[in-house]
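User: Hi! I have a model open beside its sequence and would like to go through how some of its parts pack together. Could you take me through it?

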Amino acid sequence: MEKSRVLRGMTARGGARVLAVDSLPAVRDLKELHGLSVLPCAVLGRLMSAAMAMAADLKVERGRVTLVLEGDGPAGRAVADAETRGLARGFISTRELPGWTRGPGKLDLSRAVGKGFLEVIKDLGLREPVRSRVELLSGEIAEDLAYYFAKSEQIPSACALGVRFSPEGEVLSSGGILVQVMPGASEEEISELERRMRALTSPSYSLERAGSLEAFAEEALGEIRWLGEVRFELSCRCSEEMARSIALSMPREEIAEHLRRGEEVEVVCSFCERAYRFDPARLLEEVERLEGEGGR
Ligand SMILES: [Zn+2]
């Protein structure tokens, strides 16, 4: 199976760290798995690229980055989750939206996402994951992510992300670049990187045209010293046990209603669409047992 890739590197002059992402295989699969139209797919795809880049950059062996985009626009909530060992998953609450644009070939993500927050949850294997939230600047995601790095991690950053579609709505390319300025970088290199990142107006088009992720990043930023790579595939860590605990947290009357109608209780995983089914009579027994133990 083809995998998505994140490359880690450093500009040849040493002034900035570079993360380059090609998330096409994952985003193509997410579009099909969740039945997404173009605009929700663009939102989730950009968020997925960002989550993969950040997970590939964690300094721990077993870590995870979850990005939650919570806007008041019609796209609803989007979640992208990536692990350092190369697993990723994601969903968006609205699957279909009109293909709003703001100029030729430019999807209007701001209109879909609206105002709200980007929450970044980093699980570094410590007792509690590290959470931080920033207000959305535009809902275009790349700019919002750069703002998160500046505000929450005090790292001057620039980010370009995109997903490109054929006229029929097929995903042609997906990915982007995240650049983080190192302490001690020269003013001259910083302003050149800024100029180059501003010029990268359609990263998904440049990525598709460049033919490889390495070539895309070097065309955009100049020579890069590559330091490592992480490959990602879609995978979900949901389980029967997790689904059961969700079913058990439903109101008792709701479970009883399923029993009366002779229907199983179904819990569907938002990330992988897997459906877990439970016998309502058994669930009610379990609810009673848990309540007897004071555990519900
Ligand atoms: Zn799942």
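Analyst: Happy to! Axes here are lines fitted to C-alpha atoms, for helices over the stretch in contact, and the angles run from 0 to 180 degrees between N-to-C directions. Please keep in mind that this is a predicted model.

User: With that in hand, how are α9 and α10 oriented to each other, parallel or antiparallel?

Analyst: The axes of α9 and α10 are 8 Å apart, and the helices pack at an angle of about 155°. Angles over 145 degrees count as roughly antiparallel. That makes α9, relative to α10, roughly antiparallel.

User: Which hand does the crossing of α9 and α10 have, left or right?

Analyst: Here the sense of rotation between the near and the far helix decides. For α9 and α10 the crossing is left-handed.

User: Which residues meet there, and how many of them are charged?

Analyst: From α9 come R252, I255, A256, H258 and L259, and they meet P280, A281, L283, L284, V287, E288 and E291 of α10. Sorted by type, the residues of this contact are 8 nonpolar, 1 polar and, for the charged ones, 3.

User: Where do the buried residues of α9 sit around its axis?

Analyst: Helix α9 covers residues 252-260, and its buried residues are I255, A256 and H258. These cover an arc of only 155° around the axis, so they are on the same side of α9. On the other side, the exposed residues of α9 are E253 and R260.

User: What do the buried residues of α9 pack against?

Analyst: One partner is α10 (280-292). The others are α8 (240-248) and β11 (265-268).

User: Which residue with a positive phi follows α9?

Analyst: Phi in the residue that follows α9 is near 65°. That residue is G262.

User: How wide is the arc of the buried residues in α8?

Analyst: The buried residues of α8 are A243, A247 and L248. They line one face of the helix, because, looking down the axis of α8, they fall within an arc of 140°. Their cover includes α9, β11, α10 and β12 (275-278).

User: Which residues does E286 touch beyond its sequence neighbours?

Analyst: E286 is part of helix α10. Its C-alpha atom is 7.8 Å from that of L248, although the two residues are 38 apart along the chain. Setting aside neighbours within four places in sequence, the contacts of E286 are L248 and R244.

User: Let's move to the other helix pair. Is α1 oblique or perpendicular to α2?

Analyst: Helix α1 (residues 24-34) and helix α2 (residues 38-56) have axes that come within 10 Å and cross at roughly 135°. That angle makes α1, relative to α2, oblique.

User: Which residues form that contact, and how many are nonpolar?

Analyst: The crossing of α1 and α2 is right-handed. Helix α1 brings A26, V27, L30, K31 and H34 to the contact, and α2 brings C41, L44, G45, M48 and M52. By type there are 1 charged, 2 polar and, for the nonpolar ones, 7.

User: Is K31 buried or exposed?

Analyst: K31 is found in helix α1. Leaving out neighbours within four places in sequence, K31 contacts L36, C41, F165, G169 and V171. Its relative accessibility is 18%, so K31 counts as buried.

User: And S132, is that buried or exposed?

Analyst: S132 belongs to strand β7 (residues 130-135). Not counting residues up to four places away in sequence, S132 touches L118, E119, V120, Y148 and S152. With a relative accessibility of 19%, S132 counts as buried.

User: Q154 has a positive phi without being a glycine. Is Q154 buried or exposed?

Analyst: Phi of Q154 is about 50°. The residue lies in the loop between α4 (142-152) and β8 (157-165). At 59% relative accessibility, Q154 counts as exposed.

User: E273 is another non-glycine residue with a positive phi. How does E273 count at 26% relative accessibility?

Analyst: E273 has a phi near 70°, and its place is the loop between β11 and β12. Since its relative accessibility is 26%, E273 counts as partly exposed.

Note on methods:
Residues are numbered from 1 along each chain as its sequence is written. This is a predicted model: local features need pLDDT of at least 70, side-chain atom pairs count only at pLDDT 80 or more; totals for chains, interfaces and linings use all residues. Side-chain values use heavy atoms; hydrogens and water are left out. Buried means under 20% relative accessible area, exposed over 50%, partly exposed in between (1.4 Å probe, protein chains only). Helices (H or I, at least four residues) and strands (E, at least two) are DSSP runs, numbered from the N terminus. The arc is that of the directions from the helix axis to the C-beta atoms. Contact means heavy atoms within 4.5 Å. Angles under 35 degrees count as roughly parallel, over 145 as roughly antiparallel, 65 to 115 as roughly perpendicular and the rest as oblique. Ala, Val, Leu, Ile, Met, Phe, Trp, Tyr, Cys and Pro count as nonpolar, Asp, Glu, Lys and Arg as charged, and the others, Gly among them, as polar.
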